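Hi,

Here is the structure I promised to pass on to you. Have a look at it first, and then read on for my notes.

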Amino acid sequence: MKKILTITLAAALLSGCASHRNYQRPADLQTDGIYGDAQSGDSISLGDLPWREMFTDPTLQALIEKVLAQNTDMINADLQLQEVQYSLKARKLAFLPSLYFSPSGSVSKMYDPYNRSAYSAMTSGNSKTYELPMTFGWQSVNFAQLRNLKKGTEVSKQQAMNAKQAVQASLVANVANMYYNLAMLDQQLTMMTNTQENWAQYLDMERKLMEAGQANTAAVSSIEATYYSICTSVITLQENIRLIENSLSTLMGETAHAINRDALETFQAPAILATGVPITMLSRRPDVRDAELSLASAFYDVRSAKAAFWPSLTITANGEYTNSVGTSIINPGMMIGSALASLTQPIFANGQLRAQYKISKAEMEIASNNFQQAVIAAGNEVNTAMVELNTAEQLKDMYSKQVSALEVALDATQKLYLNSSGNYLNVITAQNSLISAQMDYISNRMDAISATIELYEALGGGVE
């Protein structure tokens with residue numbers, strides 16, 4: 001018996017050793033050149049900055065912290081992580097044997113319906129039996145499968161942690177974008193409101209001039225049309241502000257309300273705008289890490305499917321203290337013990353084990369392709385953000401010069417009109433051109449901020 005048990009344990013342990021391999025990143029993974037023409041050899045990238053160093057506005061920091069604390073997706077991601085942690089604990093305990101204790105007892109008495117004195121000795125007392133059994137066992141233990149299932153659950157835990165980090169990174173970027181969009185809209189609204197007031201004065205003045213016979217209906221109607229166009233822009237800007245405030249309130253899990261913010265100029269571009277070494281992105285971007293974790297999970301599924309070909313071990317040991325042995329009752333009781341070990345080797349399972357193994361290998365190849373594609377897509381996002389940022393910076397100087405030139409043109413046109421040597425339609429045209437250029441300049445500043453935030457998120461920023 002001892003020899004058989006030794007051979008059985010050795011076979012089970014051999015199956016575990018045969019599948020004892022940990023996941024390793026594919027050696028042929030291509031990361032060189034994934035940033036395109038935005039390559040950088042710096043060891044530190046923008047994505048390495050904590051979000052509090054990226055966004056230094058105290059009002060924005062407080063808003064982000066509130067969203068991270070109250071957002072439903074963030075709370076649910078934390079709960080899902082707890083669920084996986086419980087599952088991992090159960091997987092680890094699966095390596096331990098089970099132990100059961102199920103005591104039982106009974107009382108019996110014989111009755112003679114005829115009240116015969118010959119049986120009075122037999123029916124005079126009660127028969128009491130009891131059992132105190134303990135069952136100890138490893139049921140169907142395939143150590144290789146248990147190990148790979150545990151490793152797979154560890155990967156699931158990492159995926160849950162990664163999902164939580166992905167939610168946080170997305171929230172940080174979205175809140176920052178909406179915050180600065182509000183600041184941009186505030187600035188545009190202020191400019192358009194001032195313009196609206198000025199044009200209301202122009203319209204009133206032109207109407208008085210027409211009443212005095214010094215202006216015609218065409219001039220008044222042109223000014224009036226421009227005035228109402230500006231009024232519609234003011235209303236649209238106010239609507240956009242309300243919509244973004246509602247979106248931010250939703251992220252915080254609160255009813256719609258006004259959001260405090262500072263001016264657009266409070267955004268300070270970080271000193272570090274480098275993309276860093278591409279390989280560092282693999283450890284920072286949640287989506288890329290998730291793709292690799294899916295590959296690792298598929299790897300352990302393959303190992304687990306392969307381990308299914310190895311034998312499974314079942315060990316059961318029973319021990320009990322009882323006073324019921326066979327058909328006799330003895331007091332005091334006796335100890336009874338038994339042990340059973342069996343080995344189950346799959347030989348023919350209708351091709352199911354082999355099919356599952358081939359399926360798991362195909363799934364692993366799919367996961368490998370998805371991982372490589374995720375790396376390429378991430379690199380392209382970094383390149384796109386860098387292109388947008390560089391373009392916004394190049395346009396900044398052009399927009400600034402355009403606004404300055406149109407301010408000079410409007411001033412000159414207004415002077416000509418006041419000297420009665422010009423047409424007021426020229427003033428309207430110059431004013432509209434200046435408003436459009438000013439709006440473009442403000443939008444360009446927001447484009448640069450958005451591109452910076454996009455680059456930060458593309459490099460894996462916002463993750464703690």
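Below is what I found, starting with the whole chain and then moving to a few residues.

Please keep in mind that this is a predicted model. The fold has 10 helices and five strands. The chain is 464 residues long, and 39% of those residues are buried. Its accessible surface is about 25700 Å², with carbon and sulfur atoms contributing 55% of that area. If we take the contacts with a separation of 6 or more, 84% of them join residues that are 24 or more positions apart.

Now to the aromatic side chains. How many aromatic pairs does a search of the whole structure find? The result is six. One of them is F55 with Y456, which is edge-to-face because the ring planes stand at 85 degrees, over the 60 needed for that label, with the ring centres 5.9 Å apart. This pair links distant parts of the chain, as its two members are 401 residues apart. F55 sits in the loop between α2 (51–54) and α3 (58–70), whereas Y456 belongs to helix α10, which covers residues 424–458. Are these two residues buried or exposed? F55 has 0% relative accessibility and so counts as buried. Y456 is buried too, since its relative accessible area of 2% is under the 20% cut-off.

A second pair worth opening in your viewer is Y179 with Y180. Here the ring centres are 5.2 Å apart and the planes are at 90 degrees, so this pair is also edge-to-face. Y179 is buried, at 0% relative accessibility, and Y180 is buried as well, with a relative accessible area of 1%. Both tyrosines belong to an aromatic cluster that they form together with F267.

The last residue on my list is an acidic one, E245. Where is E245 placed? It lies in helix α6, which runs over residues 217–251. The relative accessible area of E245 is 5%, so this glutamate counts as buried. Which residues does E245 touch, once those up to four places away in sequence are set aside? They are L182, H257, A258, I259 and R261.

If you want somewhere to start, try the F55 and Y456 pair, where a loop residue and a residue of helix α10 come together. After that, you could go to E245 and display its contacts, including H257 and R261.

Best wishes

Conventions: Residues are numbered from 1 along each chain as its sequence is written. This is a predicted model: local features need pLDDT of at least 70, side-chain atom pairs count only at pLDDT 80 or more; totals for chains, interfaces and linings use all residues. Side-chain values use heavy atoms; hydrogens and water are left out. Helices (H or I, at least four residues) and strands (E, at least two) are DSSP runs, numbered from the N terminus. Buried means under 20% relative accessible area, exposed over 50%, partly exposed in between (1.4 Å probe, protein chains only). Contact means heavy atoms within 4.5 Å. Accessible areas come from the Shrake-Rupley method with a 1.4 Å probe; for residues, only the protein chains shown count as cover. Rings of Phe, Tyr and Trp (its six-membered ring) pair if their centres lie within 6.5 Å; planes under 30 degrees apart count as stacked, over 60 as edge-to-face and the rest as tilted.
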